[in-house]
Amino acid sequence: MTENLLSVKNLDVTFPLMSKGLFRTQIGEFPAVKKVSFNLKRGGTLGIVGESGSGKTTLVRAILRAIKPTAGSVLFQARNGQVDLAQLPDRSLVPLRTEMQMIFQDPFASLNPRMKVYDIVAEPLQIHAPREKSDHRQRVIDMLARVGLEADALQRFPHAFSGGQRQRIGIARALILEPSLVVCDEAVSALDVSVQARVLNLLQDLQESLHLT
Ligand SMILES: Nc1ncnc2c1ncn2[C@@H]1O[C@H](COP(=O)(O)OP(=O)(O)OP(=O)(O)O)[C@@H](O)[C@H]1O
Ligand SMILES: [Mg+2]
């Protein structure tokens, strides 16, 4: 039996409701995510469906600890053993950031327009693996090839690419640190239907070859 890479139990995210005006005070609470539980096996895929505003993005932001959940547990099988992401202090999260990555909805908004493709894709390496600097260039070139982009993309800026190609750049950036967990928040909804299919096929191939969950 395959182990659970991720096990979410009774996850709650409650936002404070603030009054308007100069002296803002809390006037209530808004439960955006309530008692969510699921298991996700290593190598598996889980789709989360719900209408706009139902809390999908809030749920994954809480799992990846972009925000702190109000209650519940998020057990994650990290390289060095199991951790509860819901409980960890911020500084213990830093090394774990390499193991879980997010692919965003909007390839136009999520890439810095002033950075060249090389810098966009290499930035996570520069932050998390600065000592392996001599390998960075080759790792970026290899990852671009995996997502179907030529090495001549390296010195170009995001505006010189189509939506589908930009999403491939975002995917390369997300995968460069070899994460085990990849969260796609409507990763193809901003793309044309035929481009959606190609990007989804790419994600499926990468899931298999890179053992992604
Ligand atoms: N930082 C925040 N402060 C207060 N309320 C928030 C915050 N972030 C999200 N919400 C509220 O939580 C609810 C869930 O929002 P969320 O973005 O998670 O929905 P979603 O399911 O991802 O929607 P969509 O399909 O439109 O992306 C919404 O009512 C939203 O207004
Ligand atoms: Mg959303």
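# A walk through the helices, the ligand shell and a few loops

Let's start where helix 3 meets helix 4: Tyr118, Val121, Ala122 and Leu125 of helix 3 touch His136, Arg139, Val140, Met143 and Leu144 of helix 4. Contact here is a matter of C-beta atoms, placed from the backbone, lying within 7 Å of each other. Helices (H or I, at least four residues) and strands (E, at least two) are DSSP runs, numbered from the N terminus. Sorted by class, this contact has seven nonpolar residues, one polar and one charged. For the classes, Ala, Val, Leu, Ile, Met, Phe, Trp, Tyr, Cys and Pro count as nonpolar, Asp, Glu, Lys and Arg as charged, and the others, Gly among them, as polar.

Before going on, keep in mind that this is a predicted model, in which local features need pLDDT of at least 70, side-chain atom pairs count only at pLDDT 80 or more, and totals for chains, interfaces and linings use all residues. Residues are numbered from 1 along each chain as its sequence is written, while chains are lettered from A and ligands numbered from 1 in the order in which they are written.

Back to the helices. Two packed helices are described by the angle between their axes and the distance between the axes. For helix 3 and helix 4 (residues 133-146), the angle is about 120 degrees and the axes are 10 Å apart. The axes are lines fitted to C-alpha atoms, for helices over the stretch in contact, and angles run from 0 to 180 degrees between N-to-C directions. Helix 3 passes helix 4 in a right-handed crossing; right-handed says that the near helix is turned clockwise from the far one by less than a right angle, and left-handed that it is turned anticlockwise.

Helix 3 (residues 117-128) also packs on helix 5 (residues 163-175), where the axes come within 7 Å and cross at roughly 30 degrees. Helix 3 and helix 5 are therefore roughly parallel, a label for angles under 35 degrees (over 145 is roughly antiparallel, 65 to 115 roughly perpendicular, and the rest oblique). The crossing of helix 3 with helix 5 is right-handed too. Val117, Ile120, Val121 and Pro124 come from helix 3, with Ile169, Ala172 and Arg173 from helix 5. Six of the residues in this contact are nonpolar, none is polar and one is charged. Val121 turns up here and in the contact with helix 4.

Follow helix 5 onward and you reach helix 6, packed at an angle of about 20 degrees with the axes 10 Å apart. That makes helix 5 and helix 6 roughly parallel, and their crossing is right-handed. Gly163, Gly164, Gln167 and Leu175 of helix 5 meet Val195, Arg198, Val199 and Leu206 of helix 6. The class split for this pair is four nonpolar, three polar and one charged.

Now for the ligand. Around ligand 1 sit Phe15, Phe30, Ala32, Gly50, Ser52, Gly53, Ser54, Gly55, Lys56, Thr57 and Thr58, each counted as near if its C-beta atom, placed from the backbone, lies within 6 Å. Strand 2 (26-41) and helix 1 (56-63) each supply at least two residues of this shell, and helix 1 gives the most, with three. By class, the shell has three nonpolar, seven polar and one charged residues.

Thr57 leads us on to aspartate 185, which is in contact with Thr57, Val60, Met102, Phe104 and Gln105, leaving aside neighbours within four places in sequence. Aspartate 185 lies in the loop between strand 6 and helix 6. Its C-alpha is 6.4 Å from that of isoleucine 103, although the two are 82 residues apart in sequence. With 17 other C-beta atoms within 10 Å, aspartate 185 is partly exposed; 20 or more would make a residue buried, 12 or fewer exposed, and partly exposed is in between, with C-beta atoms placed from the backbone.

Glutamate 186 is in that loop between strand 6 and helix 6 (193-209) as well. Glutamate 186 is exposed, with 12 other C-beta atoms within 10 Å, and its phi is near 50 degrees, a positive value in a residue other than glycine. Glutamate 178, in the loop between helix 5 and strand 6 (181-184), also has a positive phi, near 55 degrees.

One last stop is isoleucine 67, in the loop between helix 1 and strand 3 (71-78). Not counting residues up to four places away in sequence, isoleucine 67 touches Val13, Arg61 and Ala62.

Key
Contact = placed C-beta atoms within 7 Å.
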